[in-house]
Amino acid sequence: MSVQWLDESAARATQSLKWSKCGPETLAAWVAEMDVALAPPIASALHDAIELHMVGYPRHETESDLREVIADWHARRLGHEIHAERVLYSAEVISGLAFALSTVLEPGSGVVVPSPAYPPFSEAIAWAGMREIRVPLANGMTDPEAIDRVLADSAGAVIVCNPHNPTGRVPTLDELAAIGDVAERRGAWVFADEVHAALTHPGRSSVPFSMAAPALADRAITLSSASKAFNLPGLRFAWMISHDDAVHARLAAQPVHDRGPDGTLGQVAARAALADGDDWLDDLRQDFVGRFEMVRSALAPRIGESVLSRPGASYLSWIDFSGTAIGDDPAAHIARAGVRVAPGTDYGAEGLGHIRLNVAAHTDTLERALDRILTVL
């Protein structure tokens, strides 16, 4: 089931945020959205839903078998055994995170965020009334000793991005287990954003945090969605997984609207993606290999291999330009050449001199974007 990539004209016609924020002379390579046509099973399911006028209020978790579809997908694709009855729906991962933080933590608690980090984490923490505490990654890896020092000083939780955004790195089992050990010792919670886990590259796999740290089941919550793997962010459907019955009961007791309500068509699309999208997803992951090779071939001769990230998942390339003539603000220089990328500083001070380049585009679009970046260098 081959992936149909949209050329620039077709991508602009979607009127998505990614392209609507870019003028006619600028190529979009910033926000985490792919230039792909819907996977056929999803498109078919949505067409059928429209024919049936399925635009009423969505069913709750207890009223359908979608939770079982989600649990089966986690087991089949991620090797992650979860209990379907502990799945709760939300509009998106970030709204679910904000809800979970505000439900289980005391107001004003500290939340540790390894940095550079996905910017909406900050928004979720602020919305929940918590304090964000940044801890820099050490050589691209989470530093459990640094987290331990912070947790010893009143912090109540850690956010783990697994695989990591913006670098695309896949944490090892030992790395995740070390975070779990620290959190267990300090009585802290861990919130694992695993929305990119299904996008590991061929030959790679992502270890779910709850499997790496089983002793922390009563203080760990997993958040995920089909939105990244199947390019469905506009349909607003995600889920959170508790790994303890008491935690699930605590979350489920809160008003549904506090989670950021999901939508009917989001449920339809997620069901089709998770039940029938495996072949399409495998082809997509294979396509990423060639696109990252395009980035390496174009940029490595100019800036060196060592400053190009080697992501194990997703379609985001984290690139260090600090040793070049445009290292002061590479995103601004590249924007003037007609390519919008995400500035590294959007992800924290550690991103100074970096950009995040989205490679999930038609090969022609990506090739032209790389050519324009080369003219800047």
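# Sheets, packing and enclosed space

Q: What makes β7 and β8 count as paired strands?
A: Strand β7 (residues 220-225) and strand β8 (residues 238-242) are joined by five bridges in the antiparallel sense. Pairing requires at least two bridges, so these strands qualify. One facing position is Thr222, which stands opposite Ile241 in β8. The model is predicted.

Q: Why are β2 and β4 called edge strands?
A: The open sheet has seven strands in the order β2-β8-β7-β6-β5-β3-β4, with mixed pairing. β2 (87-90) and β4 (131-136) each have a single partner strand, so one side of each lacks a neighbour in the sheet. Neighbouring strands here are turned by 25° against each other on average, with direction ignored.

Q: How do you know that α6 runs across this sheet, and at what angle to β4?
A: Helix α6 lies across β3 (110-115), β4, β5 and β6 (189-193). Its direction makes about 150° with that of β4. Angles are taken between N-to-C directions on a scale from 0 to 180 degrees, so a value of about 150° places the two directions beyond a right angle.

Q: What makes β11 and β12 a pair, and where do they belong?
A: Two bridges join β11 to strand β12 (residues 354-358), and the two run antiparallel. The criterion is at least two bridges, so this pair meets it. One of the bridge partners in β12 is Ile355, which faces Pro343. Both strands belong to an open sheet of three strands in the order β9-β12-β11, with antiparallel pairing. Its edge strands are β9 (316-320) and β11, each paired on one side only. Helix α12 (residues 278-303) packs on this sheet, where it touches β9 and β12, and its direction makes about 5° with that of β9.

Q: How do you know that α3 and α11 are packed against each other?
A: Two packed helices are described by the angle between their axes and the distance between the axes. For helix α3 (residues 40-51) and α11 the axes come within 8 Å and cross at roughly 145°. The crossing is right-handed. On the α3 side the contact involves Pro41, Ile42, Ala45, Leu46, Ala49 and Ile50, and on the α11 side Leu265, Val268, Ala269, Ala272, Ala273 and Asp276.

Q: Why does the contact of α3 with α11 have a charged residue in its tally?
A: The residues divide into 11 nonpolar, no polar and one charged. Asp276 is in the contact, and Asp counts as charged, so Asp276 supplies that entry.

Q: What makes a space in this model a cavity, and how many are there?
A: A cavity is a set of points where a 1.4 Å probe fits but cannot get out. By this rule there are three cavities of 30 Å³ or more. The largest holds about 130 Å³ of space. Of its 19 lining residues, the closest to the centre are Pro114, Leu137, Thr142, Cys161 and His164. The elements that give two or more residues to this lining are β5 (155-161) and α8 (173-186), and β5 has the largest share, with three residues. The lining has 12 nonpolar, five polar and two charged residues.

Q: Why does the lining of the second largest cavity include a charged residue?
A: The lining of this cavity, whose volume is about 50 Å³, divides into seven nonpolar, three polar and one charged. Arg236 is among the lining residues, and Arg counts as charged, so Arg236 is the one. Helix α11 (residues 264-276) gives the largest share of the lining, three residues.

Q: What makes the space of about 990 Å³ a pocket rather than a cavity?
A: A pocket is an open set of points, whereas a probe in a cavity cannot get out, so the distinction rests on access. The largest pocket has a volume of about 990 Å³. Among its 44 lining residues, the closest to the centre are Val31, Ala32, Tyr118, Lys228 and Pro233. By class the lining has 27 nonpolar, eight polar and nine charged residues.

Q: What makes Ser115-Pro116, Asn162-Pro163 and His53 notable in backbone geometry?
A: Most residues other than glycine have a negative phi, and most peptide bonds are trans. The bond between Ser115 and Pro116 is cis, with omega about 10°, and Pro116 lies in the loop between β3 and α6. The bond between Asn162 and Pro163 is also cis, with omega about 0°, and Pro163 is in the loop between β5 and α8. His53 is not a glycine, yet its phi is positive at about 60°; His53 is in the loop between α3 and α4 (66-78).

How values were computed: Residues numbered from 1 in each chain as written. Predicted model: local features only at pLDDT ≥ 70, side-chain atom pairs only at ≥ 80, totals over all residues. Heavy atoms only, no water. 1 Å grid on protein atoms, 1.4 Å probe; cavity = no way out; pocket = protein on both sides within 12 Å on 5 of 7 lines; lining within 4 Å. Points joined across faces, edges and corners; volume = space filled by probe spheres on them. Helix = DSSP H or I, 4+ residues; strand = E, 2+ residues; numbered from the N terminus. Contact = heavy atoms within 4.5 Å. Left-handed = near helix turned anticlockwise from the far one by under 90°.
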